[in-house]
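The following exercises are to be worked with the sequence and the structure side by side. Each task is followed by a solution that proceeds step by step.

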Amino acid sequence: MSQAEARIKEVISFLNNKDTVLGYRKLMDCVIDTQDLDLFREVIALTDWKEQFPEKEEELIERSLAILERVATIPISEYNTKNPVVIGSDLIKSYGYNRFKLGPISVKIHKGEVYGLVGENGNGKTTLLRVLAKEIKHNEGLLDFKFDTTYNSEYDLRTNLVYIPQRTQKWYGSLKDNLKFVLSNYGIPPEENETRVLMMIARFGLWNYKHLKWSELSSGYKMRFELARTLLRQPELLLLDEPLANLDVLAQQVILEDLKSMCNSINNPIALILSSQQLYEVEKISDKVIYLKDGQYKDNKQVVTDEDNQLIVEIDCEAKRDELMTIFENLNLEKLIYNGGIYVAYFNQNTAFSSVLESLGKHKVDVTYTRNITKSTRRFFVS
Amino acid sequence: MKKFIFKTNQYLLERYPTIWNTKLVWMLSIAILLHIVFFVFGLFTLANPKMLQERNVQSIFFENGSIFLSIVISILLLVAWVIYMFKNNAFKNFYPSTRLKLFGQFISYIIIIFSCTTFYISYQYGMKTQIIATYPDEQVNKEIEIANDAALFLSEDIADYTLNKRRFPKPFYELYCEDNSKFIDYDKSYLSFEEDDYQYYSLRTIETPIDEPFNNTIIEGSSDSYQNTGYVFNKTTDSIRTYYFKDSVVNVQGLVKTAFPSYYNMSSTFFVSRNDTLNDDDDYKYDYSYNDYNYNDYLDYDYNYKTSFSLRDRLRNKRNYELLERNDKQEIKQLLEDFLKFSNYYKIDHSLTTVGWLNLVYHPNNFEVKNFIRDEAKSEYDYPEVIAVDRTKTEEFYYNHLTDYHYENSALRNVFENIESIKASDPLESIHVFMWIAFFFAAIIFVFRVTGLKQLLFSIITVGVLTLTISLVAALIFYLAGNGDAAEYFMVYLILVIATLILLIPIVFYKRIKKLVVAICLNISIVAFPLYILLILVIINMHQLDACNKYYRDINYHCNTIFDLFEFGWSWILFFCGIIFIFFYTKIIKNWKSLPEG
């Protein structure tokens, strides 16, 4: 089964299970990959109808399935993501003698993959992003871009990579005009312009917001419009600095999901690097997490093999330290750290997370939160 | 309307993003509308002929508030435009941009700024159109002819009618009339009226080749003695310069019927039209030194320069003479009537009637001037300028014969002058001012759009600091080396070197220098490239002048330099140099934009 077929099957099951919101979003991803403007128009019309009659879920599912049927007939070529688009080797950026120094860092970034860049404040996340975006110079090392589009100048190269800084700029004038302006600058034929813009507006759930002004939007929707604009540019490399800042948990999830699925486009994938403080969320969608500490770089997989394969569990509960020590007596507890709010328990590598949960349950400890962070970069934050 | 604007905007947005962004279509539409409005203003400005009686009505734009209106409208338009345009910036966001697109932006700015600042030109065209339509050449020429004929009888200035003004018939135009009692030989024949005496002289000549420099000793005699050579004037033809000198006294008593002021003597022309083909001045190209006696002896003397050896005066006098000789009362009456008819049309202030005027002036016996007309209305509190006891006898004569009639001749002269000058004016002459305003303003906006506010401000600061430093260095150099040529050359070459460096940095060294520094040089290059070319021209000009002056040594010799090659054409050349430069420079701008910082 091809990737496209698998995805369509997945969408059908979402729709049949009445996960309409998710299913509809995924449906739009499938449609976008076809690049068929007739289908675009159909989805746009459906979206408009859906916003007018939100209660008619059954009919929506029916019509969505009909569209999917047509999508299935259009062949989609799969993009070969084996070759990296960006190769950085031994990149070093230093802000002068005896001051902050980033690197040396070597990265290979592939299309269709999401790279999460995590680390505490002041450890070089933004610096690395800006180096990769050619916003700032690096002092040593090589940075090579292997984009599909040929370019004659550095400027043209930079039209294919988009860096969105933490503080995005205000948009002036009509939001839709701003989006159309992007496409006409990218040379999209005039008759396709409106359709593509509306498709992207529909995809990011902005249908009812398209007539508002920038100042009338909440931070979450501002970020969505920013992403819509960015994705209309069809960049090969996308660098996002703290896209989740100022967003609530739900908005964070939606945006990350959207980003992930747009990057994972079958025929037109994007290489995405994003920095964030939201470890859990980022780790959840990232194919690879890059952890920066004092300008040095570790990726999570590497870290785990390097050090002891301990089981590390975060626990937030009312119980006292002694109490926990007795509970975990038989689980080969090696270390228990309390950092003021949360306990971090280090167990022997043979201990299973499920037995930790079992013990806690048995002793009826009132646990508010627990998480296995063995493979998470969170372990670097809490230790 | 709203729908139309929206549709047009969408059309432009989808097809021509740069034009949509620069609002070229809307700005041009508004500008054209306003140009039409200003054109109509211009049409109505001079609708009342009374307006034409002021001097230099052509520049009324600067006096009646139109300039204020025009400036305010221009500022409002441009500010609104800039606000709308700054909403989107494709280049700043790294949207794909070709060199042509960037250049197109700049050209749009120039066109918009030019069209929004040039309402003056439309206003002037409005005025010109109205004048051409209302006062056809044929009609005005006829009126000028009548005015020149009728002016004979205006009788306003006694000096026009005295014997020394007589230039016709022969031999008067070959004789020189001496009216300065200091130089009159009272032993020989002379004429007198009241205390004024007139003595006629024949003229002798000295000729020199034209290429011989003007020789003062011919006029003044040997330079140490300051003797009176009796020099009157000189006249130049293609190959020869002729100096005329007083020769011997001629007795004209047989030819002159009366020494009284007479209409026969009137030889001045009321108004010389631009269309007048009489090439009077050419013959007298260098005749500004008429009657150049050794004035040093008579410095306290109020001496009248004679400018009457012109062909025009002779011909005018001839025409007047013939009219008077015909002595046709009806013809004269008709002439006066025609004159008053168009005077009334132009609303000239006067109190004359055809019959009344005719009675004042028509004295067929010798046509002596028996009555004078005022050149402005007698005021209620009429005090003569010269108090009675101080009057000369001639003045006394004038005041005794002065009537209460008046005719404001200067008003009519201004009317003709204004009509002709407005017809001959070319409103496009001022285009240089506007195109350079447009260029610099467009360049500054362009610079702001491609590099940013910070870079623009730093560029302004840099220019200020550089100017200050260069002036200080100049002051120091001139203090140390004196005002010599060497110091001047050092300074211009120093500026040239600095300018060249600024120009080269973004082109050659951009990868090695901080992005901000490159931006500053880039900004200065874009705005000031025409000035750079001008600097080179100035240097060439300096070299040429020096070389030429070394060769000729004569301070008065005009050395042709590179500036004389195209004169005002240089303005166009520099302008297009600046524009073409920006076209080629767009590549450098793109290179700069993609430079990483730090």
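A nonpolar core is here a set of buried Ala, Val, Leu, Ile, Met, Phe, Trp, Tyr and Cys residues joined through C-beta atoms within 7 Å. The model to which this is applied is a predicted one.

**Exercise 1. The nonpolar cores**

Determine which residues of the largest nonpolar core touch the most other members, and which helix gives the most to this core.

Solution. Begin with the membership: the largest nonpolar core holds 126 residues, and those touching the most other members are A:Ala228, A:Leu272 and B:Ala442. Turning to the elements that supply this core, one finds that helix 18 of chain B, residues 515–552, gives the most, with eleven residues. Next, take A:Ala228 and set aside residues up to four places away in sequence; its contacts are then A:Leu179, A:Met200, A:Ile201, A:Phe204 and A:Leu206. Finally, a second core, separate from the one just described, has 59 residues, including B:Phe61, B:Val140, B:Tyr161 and B:Tyr321.

**Exercise 2. A helix pair in chain B**

Establish how helix 4 and helix 5 of chain B are oriented, parallel or antiparallel, and which residues make their contact.

Solution. Start from the axes: those of helix 4 (residues 66–85) and helix 5 (residues 99–117) of chain B come within 9 Å and cross at roughly 155°. Because angles over 145 degrees count as roughly antiparallel, helix 4 of chain B is roughly antiparallel to helix 5 of chain B. The crossing in which helix 4 of chain B passes helix 5 of chain B is right-handed. On the side of helix 4 of chain B, the contact is made by B:Ser74, B:Leu77, B:Leu78 and B:Trp81, while helix 5 of chain B contributes B:Ile112, B:Ile113, B:Cys116 and B:Thr117. Sorting the residues of this contact by class gives six nonpolar, two polar and no charged residues.

**Exercise 3. The contact between the chains**

Work out how many residues each chain brings to the contact, and which helix of chain A supplies the largest share of the side that touches chain B.

Solution. Count by chain: 23 residues come from chain A and 17 residues from chain B. On the side of chain A that touches chain B, helix 6 (154–159), helix 7 (175–185) and helix 8 (190–203) of chain A each supply at least two residues. The largest share of that side, seven residues, belongs to helix 7 of chain A. By class, the residues on the side of chain A that touches chain B comprise seven nonpolar, eight polar and eight charged.

Definitions and conventions: Residues numbered from 1 in each chain as written. Chains lettered and ligands numbered in written order. Predicted model: local features only at pLDDT ≥ 70, side-chain atom pairs only at ≥ 80, totals over all residues. Buried ≥ 20, exposed ≤ 12 C-beta atoms within 10 Å, placed from the backbone. Helix = DSSP H or I, 4+ residues; strand = E, 2+ residues; numbered from the N terminus. Contact = placed C-beta atoms within 7 Å. Axes fitted to C-alpha atoms, helices over the stretch in contact; angles between N-to-C directions. Parallel < 35°, antiparallel > 145°, perpendicular 65-115°, else oblique. Left-handed = near helix turned anticlockwise from the far one by under 90°. Nonpolar A, V, L, I, M, F, W, Y, C, P; charged D, E, K, R; others polar.
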